[in-house]
Amino acid sequence: MDRLHIVGGNTLRGTVRISGAKNAALPILCASLLARGDSVFRNVPELRDIATTAKLLEHLGLTVELSPGCVAVHTGDSIGDDAPYDLVRQMRASVLVLGPLLARQGRARVSLPGGCAIGARPIDQHLQGLRAMGAEIALEHGYVEARVPGGRLRGAEVHFDMVTVTGTENLMCAATLARGRTTLFNAAREPEVEELARVLNKMGARIEGAGTSMITIEGRAELQPVDHAIIADRIEAGTFMVAAAATGGDVLVDGVTLEHLEAVAIRLRQAGVHVEREAGGIRVAGKPPFVATDVSTAPHPGFPTDMQAQFMALMCLANGRSTVTETIFENRFMHVGELNRMGAQIDVDGRTAIVHGPVRLQGASVMATDLRASASLVIAGLVAEGRTEVLRVYHLDRGYEHIEQKLAGLGADIRRVQGED
Ligand code: EPU
């Protein structure tokens, strides 16, 4: 398995182009199940999760052509109805086919995703919403077996007990072809939800309110295929913003909008990092030591859980005590032990990590159990003394397109090596 070798100490400078958003591309690709014909998606990042989604769609009978930055999908008259365990276990987001399949053909058999490294991550809210829309759902042998008597979902009022991103996306897709109006209350407001609504509306759906906590969808008889370029990845951008600051660098994070990163920008500025909108992107410059800053994760527009690990690496370089509280996932501190092995001084008290800084991080061999934790270790490696070896790079490959090339382009001493794990 591949590893990253990083020699810390270089300052990041220059411009980095941000790729398309993974978490927008995944639901959008699944939404292509909803319309017969040929759809084209542009600005799609080349990532392992995209390849897995392509495999899943092919398994469902679609034709999928992947080329750099572009995915062309042909959806025929008849499609399959099952998402097998083998694909779902590789990527939980496979559950995003459930809503489109039920909407399009009134039946679906989707493996239950189960927990993952960061938490239990149930999908009860997805199922509760689909049941409210008339689906009959049984859980059998690890699968969600769902069917719609009469074949067509009906509009309903769905109240989410908690904010769920993919839950909102699944229900929004399901409602596009339902009979009548669906209203989603306590919906997720993430930019990726808005982007999915934008694409569905281009396909002929009637969705209002995406980006707010109340979304209404008027069901249509059918949708059309679409040609669409996907928004930039705010989490990739945020990761480069933190990396730039941590190394004392000055970087233009290009192609992303500051509106999607307000909460991150506010905390970075509080920490003493210069963050400014600049033509087509965001300019970030930083100089350690930083000002100790507390963050607590929350659904959008709050501080994203997907940026928590990276921010914690930055706080290792701040004067004094800062706290990082994780409110979304119950087990998202797997990077703490590894950062401590690199010389960080972080204690965990329940859902709060207490970071004591500043410390001089030291290079070490480290590995992480999820994508964003791996990103925080890369950032730590960029500032650490000596060589850091990041194992299990496949986590990074799920969500960061060509990360080592992009960082090397900014001046980092980083390379990918083949290795045994
Ligand atoms: N939850 C439930 N029941 C549900 C759904 C969610 O209890 O039916 C709980 C979850 O266990 C969690 C919280 O609600 O505690 C929020 O989970 P959510 O459903 O919003 O997460 P998700 O949709 O599975 C997406 C992103 C994640 C990101 C979270 C939170 C995609 C494909 N994934 O996951 O991205 O962390 O929202 O913003 O959009 C990543 O990219 O590294 C990543 C993990």
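Here are three short exercises, with worked solutions, on the predicted model shown above.

**Exercise 1.** Let's start with Thr-216: work out which strand holds Thr-216, and whether Thr-216 is buried or exposed.

*Solution.*
- Step 1: Find the element. Residues 214-218 form strand 13, and Thr-216 lies in this strand.
- Step 2: Apply the cut-off. Buried means under 20% relative accessible area. Thr-216 has a relative accessibility of 16%, so Thr-216 counts as buried.
- Step 3: List the contacts. Setting aside residues up to four places away in sequence, Thr-216 touches Arg-181, Thr-182, Thr-183, Arg-206, Ile-207 and Glu-208.

**Exercise 2.** Now try the loop residue Gly-20: find where Gly-20 sits and what Gly-20 is in contact with.

*Solution.*
- Step 1: Place the residue. Gly-20 belongs to the loop that links strand 2 (13-17) to helix 1.
- Step 2: Check burial. The relative accessible area of Gly-20 is 3%, therefore Gly-20 is buried.
- Step 3: Look beyond the neighbours within four places in sequence. Contacts of Gly-20 there are Asn-43, Pro-45, Ile-230, Ile-231, Ala-232 and Asp-233.

**Exercise 3.** Finally, explore the largest nonpolar core: which members touch the most other members?

*Solution.*
- Step 1: Pick out the hubs. This core has 75 residues, and Met-172 and Leu-200 touch the most other members.
- Step 2: See which helix gives the most. Helix 1 (residues 22-31) does, with seven residues.
- Step 3: Follow Leu-200. Apart from neighbours within four places in sequence, its contacts include Ala-31, Met-172, Cys-173 and Ile-207.
- Step 4: Note the other core. A second, separate core has 73 residues, among them Leu-261, Leu-268, Ala-271 and Val-273.

Conventions
Residues are numbered from 1 along each chain as its sequence is written. This is a predicted model: local features need pLDDT of at least 70, side-chain atom pairs count only at pLDDT 80 or more; totals for chains, interfaces and linings use all residues. Side-chain values use heavy atoms; hydrogens and water are left out. Helices (H or I, at least four residues) and strands (E, at least two) are DSSP runs, numbered from the N terminus. Buried means under 20% relative accessible area, exposed over 50%, partly exposed in between (1.4 Å probe, protein chains only). Contact means heavy atoms within 4.5 Å. A nonpolar core is a set of buried Ala, Val, Leu, Ile, Met, Phe, Trp, Tyr and Cys residues joined through side-chain atoms within 4.5 Å.
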